[in-house]
Every structure is written in structure tokens, then in C-alpha cells.
Amino acid sequence: MTVLLDVHDMTRQFGGLVAVNHVSLHVNEGEIFGLIGPNGAGKTTLFNLMTGLTPPTSGKLSHRGQVITGLAPHAIARRGIARTFQNVRLFGNQTALQNVLIAQHIHGKSGMLASVLGTKRARSEAREAHERAMDLLKLTGLTYHQDSEARNLAYGDQRRLELARALALRPNLLLLDEPAAGLNPAEKRSLSDFIRRIRQEFALTILLIEHHVPLVMGLCDRVAVLNFGELIALGNPADVQHDPAVIEAYLGA
Amino acid sequence: MVAMVLAATLALSLYLPLMSGQLSLATPGFYAIGGYVAAILSTKVIHVTGPYPIPLILGEMILAGAGCGVLAVLIGVPALRLRGVYLALATIAFVEIVRVLSLTVEFTGGAIGIFNIPQPFVTANGIEYLLIALPMLICAALFVYRLERIGVGRALVAIREDELAADAVGINPTRYKVLSFAMGAMLAGAVGALSAHFLNTWNARQGTFDASIAVLAFVLIGGSRSFVGPIVGAMVLTALPEGLRAVAGIGELPVWLATLLRDGRVIIYGLLIVICTLNFPQGLIAPRQPVRKAVKSS
């Protein structure tokens, strides 16, 4: 097994608050890795550190053996690390299709001038991008909504659109911040299958933050538990579930 | 007519940075610089007898545009770290710096400016300038039209919508903001170069804060979400003072009203901005809403 993402001794302080405290973990290629913990445990901060949105106070982050600490978010995204946000962040006034097309932009090879002039190559590239975007919308079940503005979509559709947009980056690592939040029970059940399916289809490694315990336990190969910024357990779901430190963190016993 | 076309092109130069959500009022500054480039070249460097050759004007426009583009990148990298109204303030400061510099530096002719800029055409009203100005506007408009439909334009819009999310999908916000700022500056510089010939004289009054507001009014009133808006806004508002002057000349109006109509251009622009932002927040030319398809419940 090769390590895809290596978090080494990362810390992030906000003023006096230590949101992430000397956390070390690695994500193996091809696995589905769950990140759980009570509210305020630092899960989203850890995601932000991994995607460059928040610079670390100390520590080292490497992707495929290369140190990427301190790279800008767009540079990290170009390495194939895509994410969704806990509070969906779409381009609200743009249509669903445009949202996906925007994320495909980084794969465009034609220069600006060629695209403006509409050279043959630029045109065929635009056509391919459009087809790929339509495929992703189909995959996420949004074909009928392709021309709806993102902000007018139902909440569940917005979450799926954000997923389609992340997939448009052609990532190797996908970070999902609470993908099941706000979904109804039926949607939650189909989400597991969907995540497994996209892992298969796109050869993805998936790292997800989730509160919905059955989802995490049924889906993840390994689970890490954060509490007050510290990593308190790491292992396969069954072991972690029975770890006394985890039980204490959740029940406060 | 020529003034209308030039104003429309200037409005597009403000619209370009706005595509990426950057409210830059630097257009008149680059316009002034472009004008000085043309004025100095054609009066002090190149000496031609008879009508001034049009290819030389085109050359000046390209040179002015390129110069302004380079300058815009130099200014843009630090300035575009500012957001919203702070960026607007910084760009107003830039316009002021250009104005004060051109008043004090010697080669711009100080307060008098540069006059007797050679003309390529013989008629007095210069309507032939349309031969250059109109193709320039059409090219600029076509460029923006295409830009909105390709990846780069989408990247700009993404930054306008949500800079952080754009960053997270691999778009370098600084790079694209500087790009849109520089494209606007190049266009403004080229318009300035042409205007210098058209107006025959060039001085520090060409690029002022008033001009910033006027160009902003073009865009706000016309509509800032599609490239047609700024063009229409600029043409209407440039023609407006002439129209008002004609109305004021009717003679039966009270003196204060006639004076307002004749000289109160800035007041009327201001009023129009207020009225339009209240009643047409998207501008007179709002983009078509995409036709909603019947949504199948599935």
C-alpha cells in the first residue's frame, strides 16, 4: 500500500485555541478514510489544512511523497486534491452545468487567444469539456437541472452538484466534509453506494468527515477520531468503536 | 458619435475587471496615460507633414495598450489584494497620482498639456474617426462576448461568485484578477491614444475622478452583468448631455432648469445612478434568465 497523503505533526492555533494539536496520520491510496469526532474537535480545520485554505502553525503535509505544506489552495487542487464544503459553496448565480464547467477549466490546454478566436482545437476541447460535464451531471442525477441556477436547487441537489464539481477536477483524493448532512434517510443510504461507486469508477481515495455513525462504520476502511484537536484513536471501524477513549469523548463519561 | 463609441469602449474596459468582481476605477488613469503616449509620440518624436498616417495611430494605440497592460500588472499584483471598496479607493488614488504627475512633470506639458496633436483627417468634426473607433469597439465587444463563453471567462465569473470556492477548484484568483485588470487597462490605454488625436489636445483634465464616476455610471446604469450593458449605458449617457442641451435651448423653461440641464451633467449622472440602482439593480440591460425547464420530480 502506498501512502497518498501524509499529515505529519500538524498544528494549527487560532489565537489561544489549539484547533488541531500535533496530529499525524496518513491516508493510503484507494482507501476510504473516515474522520470523526465531537463538534469542535478540529475536523474541518484539518481539512482546511490539507487543502491549503488555512496555513498550519507547524507541521508538514506531503502528497505522493512531495511536501505541499504552504501551497496555495489552487496549487493543491491542481495536484488532484478536491473537496466539498460543510456549508455548500457553489457559484450560486451560475447554472449547474456552468458550475461543473468552471472546475474543468484547469484541464483546458488551449490558450486564451485560441479560445477567444475559437480555433478548431479549442472548439473540440470545449466540446469535450461540455460532454464530460454532462456525464458528471448524469452521474449525480442532475441532468434535468443543468440549466437551473445553483442557488435555486434543492439542498440535496446542491450537495450533489458540489460533488460533481469536485469530480470535475479529476482528483486522486476527494475530501468530503459531512456529505450526509441534511440528507433524508433514503438519500443517506444511497450515499454509501454512491461513494463506493465513484471510488471504483474514478480510482479515488476518499477522506470523509461524518457524524452519521452507521455510514462511517459501513463505509470506511479506517477511521480516525479527533477530540479537542488531538488524535485519540485510529484504526478499523470496529476497534475504534470500542476504544474506551472514544467512548469517553462521545459520552463524556 | 465618435465620443459615444469611445465612451462605450471605455465602459468595456471597466467591465473587464468587474467580470472577476473587481471594482476598479482605474480606467481614466490608463486612458490618460494612453493619451499622453500618443500625444508625445506624435508631437515630439515623429514629425510628419500633411495628414497624419493612420497606421501610425494604430501603432500608437498598440504601444499605449501594451504599456498600460504592463503597468497594470505591476500595479495590480499588490493592489488587487484589496477587496471591494478598498480596491476602488486605491484605484481612485492611482487616477489622482496620474493626474497630479501629468500636471507637474515637464514632458506632459504641465497644466496646459499637449496641443496641436496631428490629425489624420481633414474635416472639422472628425466623424472619420469612426473608421478606427467603431472597429475597435466591435473587436473589444466580440472579445468580451467570446471571453464570457470560454474557460478564462468562467474562471473570472467564479472568482466574482466565490473567491474561496474558485481557489479550491484550482483557479488562481490573483492571476485571473490581474489578468482582467490588465485587459481593462490595455483597452483604456488604446482608447486614450485614439482620443488624443480625436480631441487634438491632451491635458491633465482627461483622466480625473469625475471621469471615473462617469465611466462607472455607464456600467451601473447600462448593467454590469453582460457586456451589452456598459456599451448601451455609455452611448446613452454620452448622448444625454447633448440631448439635454437641446431641450434647454427650447427657451420657455425656467432659467434654473435650463442651467441644470445644460451644465449639471455630473448632478444628473449622480441622480441617474441613484435612481437606477434603486429601480434597476441589475442595470437597464439585465441578462436573460435561463429558461426554466419543466422539472421532473424523480
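**Exercise 1. Describe the fold of chain B and say how compact it is.**

Step 1. Read the elements in order. From the N terminus on, chain B runs α-α-α-α-α-α-α-α-α-α-α-α. The count is 12 helices and zero strands. Helices (H or I, at least four residues) and strands (E, at least two) are DSSP runs, numbered from the N terminus.

Step 2. Know the model. It is predicted; local features need pLDDT of at least 70, side-chain atom pairs count only at pLDDT 80 or more, and totals for chains, interfaces and linings use all residues. Residues are numbered from 1 along each chain as its sequence is written, while chains are lettered from A and ligands numbered from 1 in the order in which they are written.

Step 3. Compare the radius of gyration with the globule rule. The radius is taken over C-alpha atoms, and the rule is 2.2 Å times the number of residues to the power 0.38. For 298 residues the rule gives 19 Å; chain B has 20 Å, so it is as compact as a globular protein of that length.

Step 4. Add the burial. In chain B, 49% of the 298 residues count as buried. Buried means that 20 or more other C-beta atoms, placed from the backbone, lie within 10 Å of the residue's own; exposed means 12 or fewer, and partly exposed is in between.

**Exercise 2. Find where chain B should not be read in detail.**

Step 1. Start with the average. Chain B has a mean pLDDT of 84, and 95% of the residues score at least 70. pLDDT is the predictor's confidence in each residue, from 0 to 100.

Step 2. Locate the weak stretch. Over residues 289–298 of chain B, pLDDT stays under 50. The model has seven contacts beyond four places in sequence for this stretch. Two residues are in contact if their C-beta atoms, placed from the backbone, lie within 7 Å.

Step 3. Apply the rule. Where pLDDT is low, the predicted coordinates should not be read in detail.

**Exercise 3. Work out which elements of chain B touch chain A.**

Step 1. Count both sides. 25 residues of chain B are in contact with 29 residues of chain A.

Step 2. Assign them to elements. Helix H5 (130–147), H6 and helix H7 (163–168) of chain B each supply at least two residues of its side. H6(B) gives the largest share, seven residues.

Step 3. Sort by class. The side of chain B has 14 nonpolar, three polar and eight charged residues. Ala, Val, Leu, Ile, Met, Phe, Trp, Tyr, Cys and Pro count as nonpolar, Asp, Glu, Lys and Arg as charged, and the others, Gly among them, as polar.

Step 4. Check the predictor's scores. The complex has an ipTM of 0.88 and a pTM of 0.86.

**Exercise 4. Analyse how H3(A) packs against H6(B).**

Step 1. Take the geometry. The axes of helix H3 (residues 96–104) of chain A and helix H6 (residues 151–161) of chain B come within 9 Å and cross at roughly 110°. Axes are lines fitted to C-alpha atoms, for helices over the stretch in contact, and angles run from 0 to 180 degrees between N-to-C directions.

Step 2. Name the arrangement. H3(A) is therefore roughly perpendicular to H6(B). Angles under 35 degrees count as roughly parallel, over 145 as roughly antiparallel, 65 to 115 as roughly perpendicular and the rest as oblique.

Step 3. List the partners. A:Gln98, A:Leu101 and A:Ile102 meet B:Arg154, B:Ala155 and B:Ala158. They divide into four nonpolar, one polar and one charged.

Step 4. Check the cover. Nine of the nine residues of H3(A) are buried. Their cover includes helix H5 (120–139) and helix H6 (155–168) of chain A, together with H6 of chain B.
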